[in-house]
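Please open the structure in a viewer and keep the selection tool at hand. The tour proceeds from one selection to the next.

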Amino acid sequence: MYGQRTHAYLTQSGEAWPERGSEVMGSEVDCVSTSDPVKIGTLLSEASMKVRLVLAVSGLMWVVALGHSALRAQSTTKSIWDGVYTEAQATRGGETYKKSCIRCHLETLKGKDDAAPLTGPDFMDSYKNKLVNALYNKIRTSMPDDDPGSLTDAQVADVIAYIFQFNKFPAGKDELPTDTAKLKLIKIEPAKK
Ligand code: HEC
């Protein structure tokens, strides 16, 4: 491409252009050095370029509009600081915790042996900026470690409410749901914004 354009220019003017790097220069040269029918072709293709440009711009506007609505959807995402469980749910979760988790994760939630802490910086490091869905799936599919799958979905949500309460995330007026699509809208933020 570049080589051809340079050649066209050279044959037209007979001397080398001092700056042969730019594409724009190349295409200017193509225009000047072509005969009439070709020039018409060039004009036509320029016109169709314009049409294409208009189409591209309106397409771009669509993308921007879609981007806006995506942003709006995103802004409905909650944080665990927004009160995403109820006190009553956390109390129920505390019962489940005693029955199914305390033997390994302890009353302090710090965990013994391999049982990872469910409070403090290590816990936050594991889950910060993740969605509650991640914690829900982890517990639902692998905890209690010695009997995975033994909790109902509601018990898993309750026990998370208990863990949140223990970690001093505020309670609110709606229970933490078991619907994973909704749990994907709640972000585990380490600090209140
Ligand atoms: C028999 C011991 C045992 C019991 C009971 C148990 N866990 Fe665990 N838990 C572990 C071990 C070991 C790990 C670390 C290995 C892993 O992540 O799978 C762990 C890890 C976890 C993690 C991941 C922490 C992280 O940093 O990623 C969570 C969350 C968790 N447990 C929650 C629970 C909950 C909630 C219960 C009760 C329903 C429970 N566990 C019951 C042993 C146990």
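Select lysine 112 first; apart from residues up to four places away in sequence, lysine 112 touches Cys104 and Leu106 (contact: C-beta atoms, placed from the backbone, within 7 Å). This is a predicted model, in which local features need pLDDT of at least 70, side-chain atom pairs count only at pLDDT 80 or more, and totals for chains, interfaces and linings use all residues. Residues are numbered from 1 along each chain as its sequence is written.

Lysine 112 lies in the loop between α5 and α6; helices (H or I, at least four residues) and strands (E, at least two) are DSSP runs numbered from the N terminus. Is lysine 112 buried or exposed? Lysine 112 is exposed, because 11 other C-beta atoms lie within 10 Å (exposed: 12 or fewer such atoms within 10 Å of the residue's own; buried: 20 or more; partly exposed: in between; C-beta atoms placed from the backbone). Add isoleucine 102, ten residues apart from lysine 112 in sequence and 9.8 Å apart in space, C-alpha to C-alpha.

Next, select α7 (132–142). Its buried residues are Val132, Leu135, Tyr136, Ile139 and Arg140. Viewed down the axis of α7, they fall within an arc of 125 degrees, so they line one face of the helix (the arc is that of the directions from the helix axis to the C-beta atoms). These buried residues pack against α6, α8 (153–166), α9 (180–183) and β2 (186–187). On the other side of α7, Thr141 and Ser142 are exposed.

Finally, turn to the ligand. Helix α7 gives the most to the shell around the ligand, with four residues.

Key
Contact = placed C-beta atoms within 7 Å.
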